Amino acid sequence: MKEVAGQFWKTKRLHELNQQEWELLCDGCAQCCRIKYCDENTEEISITPVACGLLDIPSCRCTSYENRLELVDSCVKITPENVGELHWLPTTCAYRLVAEGKDLLDWHPLVSGDRFQMDKQGISAKGHVVSERDVNPEDLEYRAVKWVR
């Protein structure tokens, strides 16, 4: 495992990050795990309060992170190449912030030193979503709301 240097997100571009730095940059909010719909005519994104069935909601962690792309057709791997196109990422997303040349927010685990700070502030998906395993698939679209960025 490589050593991670201080505030690496301030000195490196996203494509310069090693795998460990890339993973550390994720704040773990799990907002990207919420099921989304895109209107084919307007391309407007709607988001549901329903999370992917692989998400362990209490921990905001994927239960099959290494295999998620094979297990979930709609799972999107966030990369330095596509982060700028993923307009559905919340404005608080560290990948989005760094891609836009902004600094991480005070509650981010790399800044605050506290992985649970975002939970305390209501930023993570924890407490705001239910698992798709607990929802009738026919009801998903009716739960969608306009995505506010």
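1. Two strands count as paired if DSSP finds at least two bridges between them. The model discussed here is predicted. In it, β1 (34-38) and strand β2 (residues 45-51) are joined by four bridges and run antiparallel. Within this pairing, K36 has I47 of β2 as its bridge partner, and Y37 stands opposite S46 in β2.

2. β2 also pairs with strand β5 (residues 130-131), here in the parallel sense and over two bridges. V50 is the residue of β2 that stands opposite V130 in β5. β2 is mostly covered, with six of its seven residues buried. In a regular strand, side chains alternate between the two faces of the sheet.

3. The hairpin of β1 and β2 has six residues between the strands. E43 is placed in that loop and takes a positive phi of about 60°, although E43 is not a glycine. Is E43 buried or exposed? E43 counts as exposed because its relative accessibility is 63%, and the cut-off for exposed is over 50%.

4. A positive phi in a residue other than glycine is also found at C60, where the value is near 55°. C60 lies in the loop between β3 (55-56) and β4. C60 has a relative accessibility of 8%, so it counts as buried; the cut-off for buried is under 20%. The two backbone cases can be set side by side: E43 is exposed, whereas C60 is buried.

5. How many disulfides does a search of the whole structure find? The count is zero. A disulfide is a covalent bond between the sulfur atoms of two cysteines. For C33, the closest cysteine sulfur is that of C32, and no bond is assigned because the distance of 4.3 Å is too far; the cut-off is within 2.5 Å. C33 counts as partly exposed, at 23% relative accessibility. C38 counts as partly exposed too, at 43% relative accessibility.

6. The largest pocket has a volume of about 1,300 Å³. It is lined by 47 residues, and the closest to its centre are C32, C33, Y65, R68 and V76. The elements that give two or more residues to this lining are α2 (19-25), β1 (34-38), β4 (61-62), α3 (68-71) and α5 (109-112). Of these, α2 gives the most, with four residues. By class, the lining of the largest pocket has 29 nonpolar, seven polar and 11 charged residues. The cysteines C32 and C33 of point 5 are thus among the residues closest to the centre of this pocket, and β1 of point 1 is one of the elements that contribute to its lining.

7. The second largest pocket has a volume of about 170 Å³. Which residues lie nearest its centre? They are W9, K12, R13, V98 and G101, out of 13 that line this pocket. α1 (8-11) and α4 (94-99) each supply at least two residues of the lining. By class, the lining of the second largest pocket has six nonpolar, two polar and five charged residues.

Definitions and conventions. Residues are numbered from 1 along each chain as its sequence is written. This is a predicted model: local features need pLDDT of at least 70, side-chain atom pairs count only at pLDDT 80 or more; totals for chains, interfaces and linings use all residues. Side-chain values use heavy atoms; hydrogens and water are left out. On a 1 Å grid over the protein atoms alone, a cavity is a set of points where a 1.4 Å probe fits but cannot get out, and a pocket is an open set with protein on both sides within 12 Å along at least five of seven lines; lining residues have an atom within 4 Å of a point. Grid points are joined across faces, edges and corners, and a volume is the space filled by probe spheres set on the points. Ala, Val, Leu, Ile, Met, Phe, Trp, Tyr, Cys and Pro count as nonpolar, Asp, Glu, Lys and Arg as charged, and the others, Gly among them, as polar. Buried means under 20% relative accessible area, exposed over 50%, partly exposed in between (1.4 Å probe, protein chains only).
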